[in-house]
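Welcome, and thanks for taking a look at this one with us. Please have the viewer open as you read, so that you can follow each point on the model.

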Amino acid sequence: PPSTGPTQNPAVIEAVKALCQGIDRPLYPPLSKADCPISTISSQSRRRQAPEVTTDLKRTRARNRWHLAYTLVHNPWLIEERAAARERSKVLREKKEERERRRAERLEWAKGVVH
């Protein structure tokens, strides 16, 4: 089978092409339908699709997004990262509050000295 590295993956190539529309020089050689295992649907044919197909596509995307969200929420590494981020945020918030408290004390002291 042909290599499916990042530069050989037809989906990646098509995504890069879509992102780079309007650039004069081609980024990759054109693909034939035989080279592309993923069917690409042009925007015009998407508009002409039956409502059921669009509904199925929306359901599939919603299901995939749900699975991604569930995976991200339950990923042990990310759980640890979120806990560490909360702790860092707490420390930064406490430092900021301490700086603000000290600044307020200095202002009060300065007002007392001036008067």
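Here is a short briefing on the fold, the confidence, the surface and the charged side chains.

This is a predicted model, and the chain holds four helices and zero strands. The chain averages a pLDDT of 75, and helix 4 has the highest mean value among the elements. The charged residues described below bring us back to helix 4, where Glu97 lies and where Glu98 and Arg101 sit three residues apart.

**Fold and confidence**

- Along the sequence, the elements follow the pattern α-α-α-α.
- A pLDDT of at least 70 is reached by 56% of the residues.
- Helix 4 spans residues 76–114 and has a mean pLDDT of 91.
- At the other end of the scale is helix 2, residues 43–47, with the lowest mean pLDDT of the elements, 53.
- A friendly caution applies here: where pLDDT is low, the predicted coordinates should not be read in detail.

**Surface and burial**

- The chain has 115 residues, and 3% of them count as buried.
- Its accessible surface comes to about 10600 Å².
- Carbon and sulfur atoms account for 58% of that accessible surface.

**A negative patch**

- Four glutamates, Glu87, Glu94, Glu97 and Glu100, gather on the surface in a patch of negative charge.
- Glu97, one of this group, is part of helix 4.
- Glu97 counts as partly exposed because its relative accessibility is 48%, a value between the 20% and 50% limits.

**Salt bridges in helix 4**

- How many salt bridges does the structure hold? There are three.
- Glu98 and Arg101 pair through their side chains, with 2.3 Å from N to O; they are three residues apart in helix 4, so about one helical turn separates them.
- Glu98 also meets Arg102 in a salt bridge, at 3.0 Å from N to O; this pair is four residues apart in helix 4, so the separation is again about one helical turn.
- Arg101 has a second partner in Glu105, with an N to O distance of 2.4 Å; Glu105 and Arg101 are four residues apart in helix 4, and therefore about one helical turn separates them.
- Through shared partners, these salt bridges join Glu98, Arg101, Arg102 and Glu105 into one network.

**Exposure of the network residues**

- Are the two glutamates of the network buried or partly exposed? Glu98 counts as partly exposed because its relative accessibility is 28%, and Glu105, at 44%, counts as partly exposed too.
- Of the arginines, Arg101 has a relative accessibility of 39% and so counts as partly exposed.
- Arg102, with a relative accessibility of 48%, is also classed as partly exposed.

Technical notes. Residues are numbered from 1 along each chain as its sequence is written. This is a predicted model: local features need pLDDT of at least 70, side-chain atom pairs count only at pLDDT 80 or more; totals for chains, interfaces and linings use all residues. Side-chain values use heavy atoms; hydrogens and water are left out. pLDDT is the predictor's confidence in each residue, from 0 to 100. Helices (H or I, at least four residues) and strands (E, at least two) are DSSP runs, numbered from the N terminus. Patches are made of residues with over 30% relative accessible area and no salt bridge: like charges are joined within 9 Å, nonpolar side chains (Val, Leu, Ile, Met, Phe, Trp, Tyr) within 5 Å. Accessible areas come from the Shrake-Rupley method with a 1.4 Å probe; for residues, only the protein chains shown count as cover. Lys and Arg count as positive and Asp and Glu as negative; His and the chain ends are not counted. The place of a charge is taken as NZ of Lys, CZ of Arg, CG of Asp or CD of Glu. Buried means under 20% relative accessible area, exposed over 50%, partly exposed in between (1.4 Å probe, protein chains only).
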